Amino acid sequence: MKEQDKRAVESMCRIGLSLEGVLSSFPAFPREEIEEIYNSIAGTRENADDASGGISINCS
């Protein structure tokens, strides 16, 4: 995959699309590479959730 392709996959992962959703969005890309990117982004999101300490912000 080209760097631009990886960034597109990362974007889809960051908006909360499921792994199956990302895989179906990019059928021509290798499944292993998409899974690797997805797991990397999912780990980043989990760490961000942990860092917030469970603080909830209501902006209404």
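This is a short walk through the fold, the core and the side-chain pairs of one chain.

Okay, so, up front: what we have here is a predicted model. The chain has 60 residues, and 20% of them are buried. What does the secondary structure look like? There are 3 helices and 0 strands, and from the N terminus the order is α-α-α. On the surface side, the chain exposes about 4500 Å², with carbon and sulfur atoms supplying 50% of that. And if you take contacts between residues at least 6 apart in sequence, 46% of them join residues at least 24 apart.

Now the core. Which residues make up the largest nonpolar core? There are 9: Val9, Cys13, Val22, Leu23, Phe26, Ile34, Ile37, Tyr38 and Ile41. Helix H1 (3-14), helix H2 (19-25) and helix H3 (31-51) are the elements that each give two or more residues to this core. H3 gives the most, with 4 residues.

Stay with Phe26 for a second. Searching the whole structure turns up 1 aromatic pair. The ring centres of Phe26 and Phe29 sit 5.3 Å apart with the planes at 10°, so this pair counts as stacked. Phe26 is buried, at 16% relative accessibility, while Phe29 is partly exposed at 21%.

Cysteines next. How many disulfides does the structure hold? The count is 0. Cys13, the one in the core, is buried with a relative accessible area of 0%. Cys59 is exposed, at 73%.

Last topic, charges. The search finds 5 salt bridges in the whole structure, and I'll go through some of them. In helix H1, Arg7 meets Glu3 at 2.2 Å, N to O. These two are 4 residues apart in the helix, so about one helical turn separates them. Both ends are partly exposed, Arg7 at 39% and Glu3 at 45%.

Further along H1, Arg14 pairs with Glu10, with the closest N and O atoms 3.6 Å apart. Again the spacing is 4 residues, about one helical turn. Buried or exposed, for Glu10? Glu10 is buried, at 17% relative accessible area, whereas Arg14 is exposed at 52%. And Glu3, Arg7, Glu10 and Arg14 are linked in a network of salt bridges.

Over in H3, Arg31 and Glu35 form a salt bridge at 2.8 Å, N to O, and they too lie 4 residues apart, about one helical turn. Arg31 is partly exposed at 41%, and Glu35 is partly exposed at 25%.

That's my tour, thanks.

Methods. Residues numbered from 1 in each chain as written. Predicted model: local features only at pLDDT ≥ 70, side-chain atom pairs only at ≥ 80, totals over all residues. Heavy atoms only, no water. Buried < 20%, exposed > 50% of the residue type's maximum accessible area, 1.4 Å probe, protein only. Contact = heavy atoms within 4.5 Å. Areas by Shrake-Rupley, 256 points an atom, 1.4 Å probe, with all protein chains shown as cover. Core = buried A, V, L, I, M, F, W, Y, C linked by side-chain atoms within 4.5 Å. Phe/Tyr/Trp six-rings, centres within 6.5 Å; stacked < 30°, edge-to-face > 60°. Disulfide = S-S within 2.5 Å. Salt bridge = Lys/Arg side-chain N within 4 Å of Asp/Glu carboxyl O.
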